Amino acid sequence: MTTISTREQHAAAPIFPGGTILGYPRIGRRRELKRALEAHWRGTIDAADFHAAASANRLADLERLRELGLRADDASIPIEAAHYDHVLDATLTFGVAPPRLRGGLPEGLAGEWLLARGHDDTAPLEMTKWLDTNYHYLVPELDAETTFSFADTRIVDRFVEAGRAGVHGRPVVVGPATYLALSKAADIRPIELAERLVPAYGALGEALAAAGATWVQLDEPALIADFDHVELAELQAVARAGAEALRAAGLRVLLHVGHGDAAGRVESLADAVDALAIDLVRGGAPATGSTPLVAGVVHGRNVWRTDLDGALERLREIAARGPVAVGTSTSLLHVPHDVAAEQSLAPRLRSWLAFADQKVAEVVALAAALTGSLDEQAFADARAAVADRAAAPGVRDGSVRARLASLPSEARQRATYDERARLQREALELPPLPTTTIGSFPQTGDIRTARARHARGELDDSGYTQVLRAEVRRVIELQEQLGLDVLVHGEPERNDMVQYFAEHFDGFAATEHGWVQSYGSRATRPSILWGDVSRAAAFTVEWIAYAQSLTSKVVKGMLTGPVTILAWSFVRDDQPLAETADQVALALADEIADLEAAGVRIVQVDEPALRELLPLRREARPAYLDWSVGAFRLATGGAAPATQIHTHLCYSEFNTVVDAIDGLDADVTSIEAARSKMEVVEALAAHGFGRGIGPGVYDIHSPRVPGHDELDELLATATAGIPEGLLWVNPDCGLKTRGYDETVASLTRLVAAARRAREAVVVG
Ligand code: MET
Ligand SMILES: [Zn+2]
């Protein structure tokens, strides 16, 4: 009798015949993981209870995926459920202690939280956007001395846990090329550490194989991006080495690229892996010979129902050329769980939507259709929804379109900066190195409770307004006591800096439960931009005017910019983003005109997501920067020369888009800089940036209060690079996620540091 090995059996069968997904939201259908994390950090639950809650959440998701039709026996279900961040999971798995903590990183959860959140004098790892998404990962810190080992078994443990629950899943790990491409090192190009890192993947692979794993998913999205300091060939070589190390351990490797067009980037790796998962929504199918493709025909990042007919046709074309399985274009991490939870959305809009669970069902339906069992009803429903959406009222609004079509030629152009600066100096009379904050003050439990009660109808409009006005008053008084120069109203009326605008614009809808992880325990609830955008009436003016009535200092108006509104919403996919951005810009221009009419002298238009939407591919960047900068200028172009326009940027390395920042033509730009030790100052100085700039002097993502010396040092770096008349002093970002104690302590130090720096500048 001949026996065939498991490996040969697998090789003969089609892979994932029931379809697969590349990842699933991890925060929990009711944000169970968020609650567990925060309860544990507060000390309400201990480590054992935290682990139990995290595990229960993972198992509930596995159960759900089975119910939705993914197979539990053939590695179709990805096993990836980080506590905080999947890049941090790789950092811990491979024992990567930042050089500053070498030998001193505590074991277990304590080490994990130290890297994620910092503690006392230990700053956390820097945080930045994962590719072109609004998810933030923790940037690994490496140097030439960094070593790697298989140091933590979490990836294996979760595979075993799933197995006990009856799921033979597919463990997921960030690949070595992506890990290194997204790392930071002071004295070496991280990719040069690959030879040391790859063997640790081999050791992980052996442990997984010993635990019974058959497949592993290696996430290498870096392969489709362009980087300044790493060549594509280097990334490919390292990804190959990683795959080979895992294969040598006896595992089959699914190389997941996703996130854009893989054609031309992955063909050379086809022989090194057992299957390739690629994004077919945004790209073409690479020629991979006999290596199976997991065809990402269901969009992993938007919320629209898939055109199942079109997707099936695409799948059949690919199937004619080689083996194929149905998949999503990326992990579903970036979409909410379930449309069915949205009972307050207009039913018509709801019928056009697919969140993670609906997308899993689409994958399952397509996989069945591909193997001959077509679910007529599912296909007919999808067809009807797609057609209904195209023809629905509001999707196209004639007056919005006419206004955009007849913009005057100077719509995006203000007076010269010299003239503006002179008029603004006269109007504002600010001291050198003026101090300010970025807009929001802590959103206290009281504010959140009042908002929830108002939403439930337990608190009427006037009661709610009273609570908010009391908060504005308190924030203005506090800022006066602290001695800040340009004040803010604190944004207590805003649940979220994008959703609040979406709620006041036509063409948008807000969800109730559509949470998407932003970082760690934080999630946002992106609104859905489904139609043409316009603004019926002013909605920020009353708050700013009220705040201004309480003080003789100048209060900034506070708006969210067009690119950020798009980036943090789920946007329509039926017209170019540039057009949608200009519609939003016009609505904002209307609001700025109303603010000016109410006497507001400074208006800040936040664009923290400017860098985030930057295309991963170099060739697509100029067009993006052109329309995104153009939309900002359309929003602000009508402001009088004496009105000072501020903008605020955060979250990412902006060094690569300094030209665009300049192109925004804002009078003052505040920018995140503390975690990266003012790196951006150098880039701006080199560029000869000639308008106001406020590099953040402390990081607001952690509760840490900055030290006096630390602030002095950062300010010294800033004054060295930025002319005195242009420098502003502010935190990195808004304060809404912070508590009042740490905020007061930090801002007291900020103002004191600015005064010391002012003296040094004036005296020196
Ligand atoms: C993520 S950028 C935040 C800017 C906003 N004005 C705030 O202070 O919260
Ligand atoms: Zn910010």
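**Exercise 1.** Which residues touch the most other members of the largest nonpolar core?

Solution. The model is a predicted one. Its largest nonpolar core holds 222 residues, and Leu 255, Leu 276 and Leu 366 touch the most other members. Next, look at the helices: α12 (residues 356-370) gives the most to this core, with 9 residues. Finally, look at the domains: the core draws at least three residues from each of domain 1 (6-83 + 153-391) and domain 2 (417-443 + 483-763).

**Exercise 2.** List residues in contact with Leu 255, leaving aside its neighbours within four places in sequence.

Solution. Among them are Leu 218, Ala 239, Val 273 and Leu 276. Glu 220 is also in contact with Leu 255.

**Exercise 3.** Find where UniProt places the feature "binding site", and decide why its residues gather at one spot.

Solution. The unreviewed UniProt entry places this feature at His 648, Cys 650, Glu 672 and Cys 733. These residues span 86 residues in sequence, yet no two of their C-alpha atoms are more than 8.3 Å apart, so they gather at one spot.

**Exercise 4.** Decide whether Cys 650 is buried or exposed, and place it in the chain.

Solution. A residue is buried if 20 or more other C-beta atoms lie within 10 Å of its own. Cys 650 has 23 such neighbours, so Cys 650 counts as buried. Cys 650 sits in the loop between β20 (644-649) and α23 (658-664).

**Exercise 5.** Do the same for Cys 733, and name binding-site residues that it touches.

Solution. Cys 733 has 27 C-beta neighbours inside 10 Å, so Cys 733 counts as buried. Cys 733 lies in the loop between α25 (708-721) and α26 (740-763). Its contacts include Cys 650 and Glu 672, both listed in the UniProt feature.

Notes:
Residues are numbered from 1 along each chain as its sequence is written. Chains are lettered from A and ligands numbered from 1 in the order in which they are written. This is a predicted model: local features need pLDDT of at least 70, side-chain atom pairs count only at pLDDT 80 or more; totals for chains, interfaces and linings use all residues. UniProt positions are given in the numbering used here, feature names are shortened, and annotations may be inferred rather than shown by experiment. Helices (H or I, at least four residues) and strands (E, at least two) are DSSP runs, numbered from the N terminus. A residue is buried if 20 or more other C-beta atoms lie within 10 Å of its own, exposed if 12 or fewer, and partly exposed in between; C-beta atoms are placed from the backbone. Two residues are in contact if their C-beta atoms, placed from the backbone, lie within 7 Å. A nonpolar core is a set of buried Ala, Val, Leu, Ile, Met, Phe, Trp, Tyr and Cys residues joined through C-beta atoms within 7 Å. Domain bounds come from an automatic or database domain assignment.
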